[in-house]
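Reader: Could you go through this one with me? I would like to ask about the parts one at a time.

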Amino acid sequence: MWRYTLKRLLSLIISLAVASLVIFAVIEVAPGDPASFMLGISAQPETLAALRTELGLDVPKVQRYLTWVTGMLTGDFGTSYTYRIPVADMVAQRLWVSLPLALYALTLSTLIAFPAGIYAAARRGRPGDMGVMGATQLGVAIPNFWFAMMLVLLFAIKLRWFSAGGFAGWDEGPFAAMRSLTLPAIALALPQAAILARVMRSALLDVLGEDFMRTARAKGLTARQALWRHGLRNAMIPVLTIIGLQFSFLLAGGIIIEQVFYLPGLGRLIFQSISARDLIVVESVTMLLVFAVIFVNFCVDLAYAAVDPRLRART
Amino acid sequence: MSLLSVQNLDLSIHSYGILKSVSFDVAAGEIVAITGESGSGKSMTALAVMQLLPAGAQCSGRIMLDGSNLTALPEPQLCALRGNDIGMVFQEPMTALNPVKTIGAQVAETIRIHTRTSKAEARDRAAETLARVGLPQDRFPLSRYPHELSGGQRQRVVIAMAIARHPRLLIADEPTTALDVTTQAQILALLTRLAREDGMGLMMITHDLAVVADMADRIIVMRQGEIVEQGETKALLHNMKHPYTRMLFAASSHRVTLPQTDPGPPLLEVNGVSRDYRTPRKTLLGKPGVFRAVDDVSFTLARGERLGLVGESGCGKSTLTRALLGLEQVQSGSITLDGEPVFTGNRPNLAVRRRMQVVFQDPFGSFNPRHRVARQICEPFHLLEHPPTGTARQKAIDEALTAVGLSPTDAQKYIHEFSGGQRQRIAIARALIIRPELIVFDEAVSALDVSVRAQILDLLAELCAAYSLSYLFISHDLSVVRTVTDRVLVMQAGRIVEQGETEAIFTAPEHPYTKSLIAAAPVLPDLDLPDPKGLTA
């Protein structure tokens, strides 16, 4: 297990190094000079040069890359071209919205998907299964922004249980903050739950057809006991894969939901920075997201090994 | 009174009849074998006794175990019986165990389901049971996972799970079919010992008459869901009443007579061939290990010769086959056909490839289900520089199909329209169509029922006479190799340990490994029965 962890860790570091190079290169070759964009087309060449020096755009690319990477390692993400404040502060502020939102949504989605998937698999072909499958079909099909608006209409405008948008902030206490994240989290969670429930069901059905499930029944376990004791853990590999992918997506992919609910999240930050050619912010947020994805994959790999002893043995 | 009494058992799945008034008894301490070909309903009989039938199954009749009728018991009571009073061992040891739980936990589970035992006590009992089936604690700790054990050892774990509660009835469904002959002999001996020691009734399901001939007290022969004959083993074998039983027996020990040929000049020459595979690194930056699957193998196959290759799983047979066909590069040595290397540079030598063909084991997996037979058997034509077209192509198809006993009209059918035996004929037609000089039969009859196997062996003998074939026949089944080859190679752990005339090797093996293989192979008693009509048709 130690060797496996070490190997995964090494692969995590290499992936991060490669990703940072690619992100830097791609953003460098993208057209548009941030300095001239900030000053407009009528700017004086001297002012432009001064701004370029100030932003650190006049040094060689290799040096810029190294400054950027070492800066990030020490928590210094540079200064935003547009807002002139440290990128690290901006990102941290947004992360305090996006990270809890993603975790909230993922928790909800897992809490819905697991029972639904297990229930459907245990009742394959019966009305219960068809009902769950129909519901998941709907969950995948409904666009989440529309669903978000329906949530606002019902729970914010009609019932007045939640606010229609905005983020209360953590200063107001965890309850108020989580409350303002509840509707967005539901809107994000539902389509993910539908997908996860389908994956859970099909993974379980695959396992239910395995020989060892018949062995378990021959020992005297009831169908339900066999499913819980022998089926579930074997079905976890595909489910964990999807959970990992969904978390990475939820972290930044909720931009539409952030717009609908006026949430100051990472998705909106990245969108605004791209429009403003604030490349340093785009670079840093992208790198952060890449780090999140790779780190989540690392965790998923460790979870695989915890679930399946054969993976521990292989490496 | 008998332990298990099955009376007039009828079974249908989605109103499709599977079993028809099956009746038999198993007494305590008795070993009863149920035998028959695929589709005879023998496994369904076992599952019916366990009441673990697939969805949609309807069963009527009575299955009495010690006075209670299993078909009428509610599910909770059946759960209490399964594993406690009836144990079951399955065919596939590789998949019958949960891969993510330790063997100790899996054996202990059987005990904990049925008794109020503490975890520690259940573990102690599991350790005792595992020791009883030949997996002592010091060498096979309870913390082992199934993937850390061989097939035979896994089957021992499955047996331990089944007998942990000392059930009165043990059902074994083809328990040794997936195992090598030497392992098979050990598992059969173990099952017999356990049944005798515990006075368990043992209901043994197998397609292999030879397996049961010397271990079962009684034999039940099934065909198409019905029992055609049952009786004491000795009496039944010496006085077979039903023609199907006689056919089954004759087909199991079917021999063919190959036409006499004088081996010509060497055709296939294999010289000092070794094939290595890399194994995972032991340390993070260490060198990867090397596993030598084929180790310094040399032999010659003469033109017109029928050569056999026998050995247990993992001995390197398949690796050697792939190397012979030029599918993989070897690390050292040379393989030549008529003096030409099968592998030149980094790619197979096409000039040689078109002169050899192969017939694989699985008649279901080796065809593309979306192509018609004509297209399937013309596949080898792509090896030719000028493949026949139009009427020449049609003629080749007709000839190949006729040669294997099928009709030219079959060319327009799809593969799912044929039975396993017919598919294997089509596979042979596909190999024959470019008139190869060498055919490799890789376990080509291993997946077939005995009666079908007998027919394919006859076909092989006929084709030998018609086309003077040269072939390499690879099999783990010694009795088959004995009848269709002139010479045989015995392979163990990547090396050829003995080779010589087939009859000489089988009657007087010299190498200890060959001796143990031949000793372990189950044989039917010699009853000198006439070959019933219709078998070779």
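Reader: How far apart are the C-alpha centres of domain 1 of chain A and domain 2 of chain A?
Author: In this predicted model, the C-alpha centres of those two domains of chain A lie 32 Å apart. The domain assignment places domain 1 at residues 2–61 and domain 2 at residues 92–313 of chain A.

Reader: And how many residues of each domain of chain A are in contact?
Author: Domain 1 of chain A contributes 17 residues, which are in contact with 18 residues of domain 2 of chain A. Between them the two domains bury about 1,600 Å², and 80% of that area is on carbon and sulfur atoms.

Reader: Which residues form the salt bridge there?
Author: The count between domain 1 and domain 2 of chain A is one salt bridge, and Arg8(A) forms a salt bridge with Asp301(A), with the closest N and O atoms 3.2 Å apart. The rule also finds two residue pairs in polar contact across this domain interface, both at pLDDT 80 or more.

Reader: Which elements give two or more residues to the domain 1 side?
Author: On the side of domain 1 of chain A that touches domain 2 of chain A, these elements are helix H1 (2–29) and helix H2 (34–39) of chain A. H1(A) gives the most to that side, with 13 residues. Sorted by class, the side of domain 1 that touches domain 2 has 11 nonpolar, four polar and two charged residues.

Reader: Switching to the contact between the chains, how large is the area buried between chain B and chain A?
Author: The area buried between chain B and chain A is about 2,400 Å², of which carbon and sulfur atoms give 60%. In residue terms, 29 residues of chain B are in contact with 25 residues of chain A.

Reader: How many salt bridges does the rule find across that interface?
Author: It finds three salt bridges across the interface of chain B and chain A, and the side chains of Glu109(B) and Arg229(A) meet in a salt bridge at 3.3 Å, N to O. Across this interface the rule also finds 14 residue pairs in polar contact, both residues of each pair being at pLDDT 80 or more.

Reader: What does chain B bring to its side, element by element?
Author: The elements of chain B that give two or more residues to the side touching chain A are helix H1 (42–50), helix H2 (75–81), strand E6 (86–89) and helix H3 (103–114). The largest share, five residues, comes from H3(B). By class, the side of chain B that touches chain A has 16 nonpolar, seven polar and six charged residues.

Reader: Now the sheet in chain B: in what order do the strands run?
Author: Four strands form an open sheet in the order E2-E1-E4-E5 of chain B, and the pairing is antiparallel. The edge strands are E2 and strand E5 (68–69) of chain B, each of which pairs on one side only.

Reader: Over how many bridges do E1 and E2 of chain B pair?
Author: Strand E1 (residues 4–13) and strand E2 (residues 16–26) of chain B pair over seven bridges, in the antiparallel sense. Ser12(B) stands opposite Gly17(B) in E2(B). Their hairpin has two residues between the strands, and in this hairpin His14(B) takes a positive phi near 50 degrees.

Reader: And what about E4 and E5 of chain B?
Author: Strand E4 (residues 57–65) of chain B pairs with E5(B) in the antiparallel sense over two bridges, and Met64(B) has Asn69(B) in E5(B) as its bridge partner.

Key: Residues numbered from 1 in each chain as written. Chains lettered and ligands numbered in written order. Predicted model: local features only at pLDDT ≥ 70, side-chain atom pairs only at ≥ 80, totals over all residues. Heavy atoms only, no water. Domains from an automatic or database assignment. Contact = heavy atoms within 4.5 Å. Buried area = accessible area lost by both parts, 1.4 Å probe. Salt bridge = Lys/Arg side-chain N within 4 Å of Asp/Glu carboxyl O. Polar contact = N/O pair within 3.5 Å; in protein donor to acceptor, adjacent residues only side chain to side chain. Nonpolar A, V, L, I, M, F, W, Y, C, P; charged D, E, K, R; others polar. Pairing = 2+ DSSP bridges.
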